[in-house]
Amino acid sequence: MAAPEAPEEKFSLREVLDTFKLCLSGDKEVYVEHYVAGWRGLIKFLNSLGSVFGFISKDAVNKIKILVTHLEGENSSEYVTVQSMVKYELENELVDLNKRGNHPESGCRTLLRLHRALRWLELFLERLRTSGEDGKTSVMCAEAYNESLSRHHPWVVRKAAGMAFCVLPGRPAFFEVMNVGTPEQVVAMLGDALPLISEVYQVTEELYAQHNLLDLP
């Protein structure tokens, strides 16, 4: 009989901050291993708010599994950084550039999906950080989604997302699940974490733009 699954650990904003600090090398290469670890923390955050973000967290879990397969596979040395992954997959024609083909689980395509979702989370968390106590999280989340992920989703997903955002808890509930302390401490830590997440996002965005990978099918 299979062993029971361990209960999921609580989300810790501090751990996510520490992980994203490790993401960038001295010469601004993005370590895939730490990127995946950072996303694992962000998924805990999404899941701690109930099933509202299930449509994003489930997809992120699947994408992480694919990246871990690459990280542990026979060509693992090519997947140490996002830069080495892009170089390796493009040189070996392992990316479907124009239409879905033989490589739906390429590292480049998989990480792009997480990259887009990271932008949404970054925008949403920034709004949470700067909003007042009575700020409407549903509005903040919808605005962040419309600025980032929505254009990559079909109409039916956009519709479901809009309905999900309507039932989001208030700002205090979000701050509570971050397990940092007082609202002031949460705001301060978000102020430390978001520039790091933003830098990882920007480095990846520029790399993908340079190689025309931002619209992979």
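Here a trainee and a mentor talk through a predicted protein model.

Trainee: What should I know about the model before we start?
Mentor: It's a predicted model, so local features need pLDDT of at least 70 and side-chain atom pairs count only at pLDDT 80 or more, while totals for chains, interfaces and linings use all residues. Residues are numbered from 1 along each chain as its sequence is written, and side-chain values use heavy atoms, with hydrogens and water left out.

Trainee: How do you know how many helices and strands the protein has?
Mentor: They're DSSP runs, numbered from the N terminus: H or I over at least four residues for a helix, E over at least two for a strand. The protein has nine helices and zero strands, and along the sequence that reads α-α-α-α-α-α-α-α-α.

Trainee: What makes the radius of gyration agree with a compact globule?
Mentor: The radius is taken over C-alpha atoms, and the globule rule is 2.2 Å times the number of residues to the power 0.38. For 217 residues the rule gives a value near 17 Å, and the protein has 18 Å, so the two agree. The C-alpha atoms fill a box of roughly 50 × 45 × 35 Å along the principal axes.

Trainee: Why is W120 called buried?
Mentor: Buried means under 20% relative accessible area, exposed means over 50%, and partly exposed is in between (1.4 Å probe, protein chains only). W120 has 0% relative accessibility, so it counts as buried. Across the protein, buried residues make up 47% of the 217 residues.

Trainee: What does W120 touch?
Mentor: Contact means heavy atoms within 4.5 Å. Not counting residues up to four places away in sequence, W120, which lies in helix 5, touches several residues, among them L46, F53, I56 and Y145. W120 and Y145 are 25 residues apart in sequence, yet their C-alpha atoms are 5.6 Å apart in space.

Trainee: Where does L67 sit, and why is it called buried?
Mentor: L67 is in helix 3 (residues 54–72). Its relative accessibility is 1%, so by that cut-off L67 counts as buried. Leaving out residues up to four places away in sequence, L67 touches V36, G107, T110, L111 and L114. From L67 to N47, 20 residues apart along the chain, the C-alpha separation is 20 Å.

Trainee: E122 carries a charged side chain in the counting used here. Is E122 buried or exposed?
Mentor: Buried: its relative accessible area is 10%, so E122 falls on that side of the cut-off. E122 is in helix 5 (residues 107–130), and beyond its neighbours within four places in sequence it is in contact with L194, I197, S198 and Y201.

Trainee: What makes the pair E122 and R119 a polar contact?
Mentor: The term covers a pair of N or O atoms within 3.5 Å; within protein, one must be able to donate a hydrogen and the other to accept it, and residues adjacent in sequence count only if both atoms are side-chain atoms. The side chains of E122 and R119 are joined at 3.2 Å.

Trainee: Why is E93 called exposed, and N179 partly exposed?
Mentor: E93 has a relative accessible area of 66%, so it is exposed. N179 has 39% relative accessibility, so it counts as partly exposed. E93 lies in the loop between helix 4 (82–91) and helix 5, and N179 in the loop between helix 8 (171–177) and helix 9 (183–210).

Trainee: What about phi at E93 and N179?
Mentor: E93 has a positive phi of about 50 degrees although it is not a glycine. N179, not a glycine either, has a positive phi of about 55 degrees.
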